[in-house]
Amino acid sequence: MTSESKPAHFLQNIIREDLAEGRVSQLATRFPPEPNGYLHIGHAKSICLNFGLAQEFDGTCNLRFDDTNPAKEEEEYVAAIKRDVSWLGFEWAGDVRYTSDYFDQLHEWALNLIREGKAYVCDLSPEEARQYRGTLTEPGKNSPYRDRSVEENLALFEKMKNGEFDEGQCSLRAKIDMAAPNINLRDPIIYRIKKMAHHQTGDKWCIYPSYDFAHGQSDAIEGISHSICTLEFEDHKPLYDWFIENLPVPARPRQYEFARLNLNYTVVSKRKLKQLVDEKHVDGWDDPRMPTLSGMRRRGYTPAAIRTFCEMIGVTRSDSVVDVGMLEYAIRDDLDKNAPRAMCVLDPLKITLSNYPEGQREVMSAPGHPNREDLGTRELPFTRTLYIEKEDFREEANKKYKRLVLGKKVRLRNAYVIQAEDVVKNEAGEIVEVICSVDLDTLGVDPADGVKPKGVIHWVSAEENVDCEVRLYDRLFDDAAPDAGGKNFLDHVNPDNLKVLTGCKGELGLASAEPEKSYQFERQGYFCRDSKYGTADKPVFNRTIGLRDSWAKEQNK
RNA sequence: UGGGGCGUAGCCAAGCGGUAAGGCAGCGGGUUUUGAUCCCGUCAUGCGUAGGUUCGAAUCCUACCGCCCCAGCCA
């Protein structure tokens, strides 16, 4: 820890004290996803918190699939979640756990409650149960089945377990208090009938424990000391504690809540994400525009950047909406330091160097990174015809425009200074080529006349380059809060969230770019080769994020 | 109008009775063969509001206001 380290957040303080005062001997946390969808940036916050705390305090963190609802869960998600957690850079303690590993024990404990008169089989239908539950302001009424004998409950629960009842026909409920102001305490359902196979336990069960009954006890079984969840579970804590106190569990875990992540211009609800996929607004869960970890990975986000972001935003109990600008800062910061540089012309304009012999070829050497010698050098063939960016040339411009202007000079990055001498236009009047002269005495030095060109532009040989496709992504939504209030988030999908450019010309080295490995295309942004589309000789590059652009800002003034 | 939370700058967030950290964004300037990076400076007389206690209050007390969560046999 350095003297400039971040101040501790409330959970770090709680843990430090618990450890110091001996309330817990070793920190044990867990990340408990339900395998019913893909992990997204919001989960990353929880993952970084739970695994990060374990690392910081020399404790352990388990990966536990909270799989109590076979109707919604699938093995496919289990695999994807494991992969994403590993990708983020974390290692869970021991084997992957499943709440379903504890179904036998949980069933035993349910029997325990029944024997002590603290649980009963209720025959109320779901609709009737809702009516008996009361409302936020009115107390509920006791179920007519609340006072069945222990023997009858035992027999009925056994029948439930044996599949002798239909789904919804009855349920096992904890006997707590139908008049409790906290609705979670109004005799919550702890076991329900679901006659379906489970991805882990197959056909062994037709009754499944509820989240409330399973979670705390699973924590206890695993010896979790601090069970960290999001704010909406705070009302469940009294119930969490009630089970722990009324059952012979091997440990006393404690629940703590923190605020989930909200990001502007983004939706992170599995339902909405799924809708974007199903209605083809995006090309799958791993579409680079998605805030899923798999989408971000394909987009070029790095685990380190996501971890930094989670560190930046802090951990508190107040609802907040983080500006995506912070996420963008985190990825730019990482990639600026670590991504090798390359040149790629997105919108090519041909340049012919009139005083450079036809057939002549030189090889320019350029650093892999301006201040990372360990990233080596790259070789750039330089020829009579080149491509530059269309927007980097103007026939006339004011002094603020620091690029190539007719009659003026500009530096070709990592190469010579050139001057635009003439323009070739097609019948439509569009510029199709610029004739330039090159000053061969300017490699690494300013022109002899001492006048240093103000601008530097990127280029690529027109004769030797990699033809590629580049996909420019913009934010998925054009509204800062697409799902706020009564808004339909689909009405705010940004129509310009993807621009596909073909015929882009990249420097030769890009042909061997590995998928998901980041490059900075100088003067433009950070890109990585797509892992799904493209061919060996025609790669597709995804733009992760553009460079900060003060020129664009200047022009918008 | 039941219960549980939360209000510090445009955003995130420290602070826990001694006179408002830090980051993102913004703004101004410097360096630069990336209009990037980097560097420097600037950015709350104010902590939801109103009272009160105190030599002193974002921190304590009182009242009020606003926002979020809870009535799945979802998690």
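Contact here means heavy atoms within 4.5 Å. In this predicted model, that yardstick gives Thr-383 a well-defined list of neighbours: leaving aside residues up to four places away in sequence, Thr-383 touches Leu-353, Tyr-356, Gln-360, Arg-361, Ser-461, Ala-462, Glu-463 and Glu-464. Thr-383 itself sits in the loop that runs between strand E14 (377-382) and E15. Loop residue or not, its relative accessibility comes out at 1%, and since buried means under 20%, Thr-383 counts as buried. Its side chain also has polar company. One polar atom of that side chain lies 2.8 Å from the backbone oxygen of Thr-385, and a polar contact, likewise 2.8 Å, joins the side chains of Thr-383 and Ser-461.

Ser-461 leads on to a sheet. Strand E22 covers 459-461 and is one of the two edge strands, the other being strand E21 (456-457); each of them pairs on one side only. The sheet in question is open and has seven strands, which run in the order E21-E18-E19-E20-E12-E15-E22 with mixed pairing. Within it, strand E12 (residues 348-353) and strand E15 (residues 385-389) pair in the antiparallel sense, with five bridges between them. Along this pair, Lys-350 stands opposite Tyr-387 in E15.

A further open sheet is also built from seven strands, again with mixed pairing, and here the order reads E10-E25-E26-E27-E23-E24-E11. Strand E10 (341-342) and strand E11 (344-345) are at the edges with a single partner strand each, so one side of each has no neighbour in the sheet. Helix H12 packs on this sheet, where it touches E10, strand E25 (518-521), E26 and E27, and the direction of H12 makes about 120° with that of E27. As for the strands themselves, E26 (residues 525-535) pairs with E27 (residues 538-546) in the antiparallel sense over seven bridges. Arg-529 has Phe-541, in E27, as its bridge partner.

H12 turns up again on the RNA side. The surface near RNA strand B draws its largest share, four residues, from H12. Other elements chip in too: helix H5 (126-132), strand E6 (189-193), helix H11 (303-313), helix H12 (324-338) and helix H13 (550-555) each supply at least two residues of that surface. There are 68 residues around RNA strand B, and those that come nearest are Thr-68, Leu-124, Arg-341, Lys-452 and Gln-520. Sorted by class, the surface near the RNA holds 27 charged, 24 nonpolar and 17 polar residues. Looked at from the RNA side, 66% of the atoms of strand B within 4 Å of the protein belong to sugar or phosphate, and the rest belong to bases.

Several side chains reach phosphate oxygens of the RNA. For Thr-68, an N or O atom of the side chain is 2.5 Å from a phosphate oxygen of RNA strand B. Thr-316 places a polar side-chain atom 2.8 Å from a phosphate oxygen of the strand, and for Tyr-329 the corresponding separation is 3.1 Å.

Away from the RNA discussion, Ala-174 deserves a short stop. Ala-174 belongs to strand E5 (residues 171-174) and, at 0% relative accessibility, counts as buried. Not counting residues up to four places away in sequence, Ala-174 touches Lys-118, Ala-119, Tyr-120, Asp-187, Pro-188, Ile-190, Trp-242 and Phe-243. One of these, Ile-190, falls in strand E6 (189-193), which also supplies residues of the surface near RNA strand B. Gly-163 is eleven residues from Ala-174 in sequence, and the two are 21 Å apart in space, C-alpha to C-alpha.

Backbone geometry rounds off the picture with two loop residues. Asp-58 is not a glycine, yet its phi is positive, about 60°. Asp-58 lies in the loop between helix H2 (41-56) and strand E2 (60-65), where its relative accessibility of 61% makes Asp-58 count as exposed. Lys-280 likewise has a positive phi, near 60°, in a residue other than glycine. The loop that holds Lys-280 runs between helix H9 (270-278) and helix H10 (293-299), and Lys-280 is exposed, with a relative accessible area of 70%.

Methods
Residues numbered from 1 in each chain as written. Chains lettered and ligands numbered in written order. Predicted model: local features only at pLDDT ≥ 70, side-chain atom pairs only at ≥ 80, totals over all residues. Heavy atoms only, no water. Near = heavy atom within 4 Å. Polar contact = N/O pair within 3.5 Å; in protein donor to acceptor, adjacent residues only side chain to side chain. Nonpolar A, V, L, I, M, F, W, Y, C, P; charged D, E, K, R; others polar. Pairing = 2+ DSSP bridges. Axes fitted to C-alpha atoms, helices over the stretch in contact; angles between N-to-C directions. Buried < 20%, exposed > 50% of the residue type's maximum accessible area, 1.4 Å probe, protein only.
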